[in-house]
Amino acid sequence: MNKEESKGEIKLPQRRKVGRTPKSDPAIFRYAISLTEVENAAFLGRFDESGMTVKAYFITTCIFNKHLKVIELDKAAIDYYMRLTTFYSQFRAIGVNYNQVVRSLKSSFPEKKALVMLAKLEIVTIELVKLNRQIMNLTEKLEEKLYGSEAKPLLIDEKILE
């Protein structure tokens, strides 16, 4: 006997620090179900639509009526959105360059010559506005296709194009 045990103190064994740490809530209850081919096909179809990666999580979500989100991604819409974003940044860059050109025309050239150049710039600007209108119409059609008629219509000022 150790001196410690003789005094009435019992020493608990030290916990080893190897191996996996135990889970706080281990899943010890498992169930098995049998499905027909039709039921299995329907199950797998719904599982794929859910976007979840673990079937067990999908099953528990369905059993306990938890809210299940289904998100469908349209690759064409995503590609269109990415290109539209790129175009928008280029459009902003054109606006910055436009301001710089007008400022330099005003300061570098005589008034008559600057007016002639500004008239040419105005024609190109109107073409750019028409192109922007076409892009907005295409975007509106895409929104109607994706979201239906409940999509908010884009309001465009008609006076600019006249």
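## Rings, a salt bridge and an open surface

Arg-83 counts as exposed, since its relative accessibility is 58% and the bar for that label is over 50%. Keep in mind that what you're looking at is a predicted model.

**The salt bridge**

So what does Arg-83 form a salt bridge with? The partner is Asp-79, and the closest N and O atoms of the two are 3.2 Å apart. Side chains of opposite charge can pair when their charged atoms come close. Both Arg-83 and Asp-79 belong to helix α4, with their positions four residues apart, or about one turn of the helix. Unlike Arg-83, Asp-79 comes out as partly exposed, because its relative accessibility is 35%, which falls between the 20% and 50% limits. The count for the chain is one salt bridge.

**The overall picture**

Stepping back, the chain has five helices and zero strands, so to speak an α-α-α-α-α pattern when you read along the sequence. Of its 162 residues, 7% count as buried. The accessible surface comes to about 15500 Å², and carbon and sulfur atoms make up 58% of that. Among contacts with a separation of 6 or more, 33% are between residues 24 or more positions apart.

**Aromatic pairs**

How many aromatic pairs are there? The count is four. In one of them, Phe-43 and Phe-58 have ring centres 5.6 Å apart and planes at 55°, so this pair is tilted. It ties together distant parts of the chain, with Phe-43 in helix α2 (residues 37-50) and Phe-58 in helix α3 (residues 55-63), 15 residues apart. Are these two rings buried or exposed? Both Phe-43 and Phe-58 are buried.

Phe-87 and Phe-91 make another tilted pair, at 6.0 Å centre to centre and 35° between the planes. These two sit four residues apart in helix α4, which means about one helical turn separates them.

Back at Phe-43 and Phe-58, ring pairs also bring in Phe-47, giving a cluster of Phe-43, Phe-47 and Phe-58. Phe-47 has a charged visitor too: the charged end of Lys-55 sits over its ring, 5.9 Å from the centre.

**Leu-128 meets helix α4**

Leu-128 is part of helix α5 (residues 111-147). Which residues does Leu-128 touch, leaving aside neighbours within four places in sequence? The contacts are Phe-91 and Ile-94. Along the chain, Leu-128 and Phe-91 are 37 residues apart, yet their C-alpha atoms are separated by 9.2 Å. Phe-91, then, both pairs with the ring of Phe-87 and is in contact with Leu-128.

Here are the partly exposed residues from the sections above, with their relative accessibility.

| Residue | Relative accessibility | Class |
|---|---|---|
| Asp-79 | 35% | partly exposed |
| Phe-87 | 24% | partly exposed |
| Phe-91 | 26% | partly exposed |
| Leu-128 | 23% | partly exposed |

**A nonpolar patch**

One more surface feature is worth a look. Leu-73, Ile-78, Tyr-81 and Met-82 form a nonpolar patch, and together they have about 470 Å² of accessible area. Of these, Met-82 lies in helix α4 (residues 75-108). Helix α4 also holds the Arg-83 and Asp-79 salt bridge partners as well as the Phe-87 and Phe-91 ring pair.

Technical notes
Residues are numbered from 1 along each chain as its sequence is written. This is a predicted model: local features need pLDDT of at least 70, side-chain atom pairs count only at pLDDT 80 or more; totals for chains, interfaces and linings use all residues. Side-chain values use heavy atoms; hydrogens and water are left out. Patches are made of residues with over 30% relative accessible area and no salt bridge: like charges are joined within 9 Å, nonpolar side chains (Val, Leu, Ile, Met, Phe, Trp, Tyr) within 5 Å. Accessible areas come from the Shrake-Rupley method with a 1.4 Å probe; for residues, only the protein chains shown count as cover. A salt bridge is a side-chain nitrogen of Lys or Arg within 4 Å of a carboxyl oxygen of Asp or Glu. Buried means under 20% relative accessible area, exposed over 50%, partly exposed in between (1.4 Å probe, protein chains only). Contact means heavy atoms within 4.5 Å. Rings of Phe, Tyr and Trp (its six-membered ring) pair if their centres lie within 6.5 Å; planes under 30 degrees apart count as stacked, over 60 as edge-to-face and the rest as tilted. A charge sits over a ring if NZ of Lys or CZ of Arg is within 6 Å of the ring centre and within 35 degrees of the ring normal.
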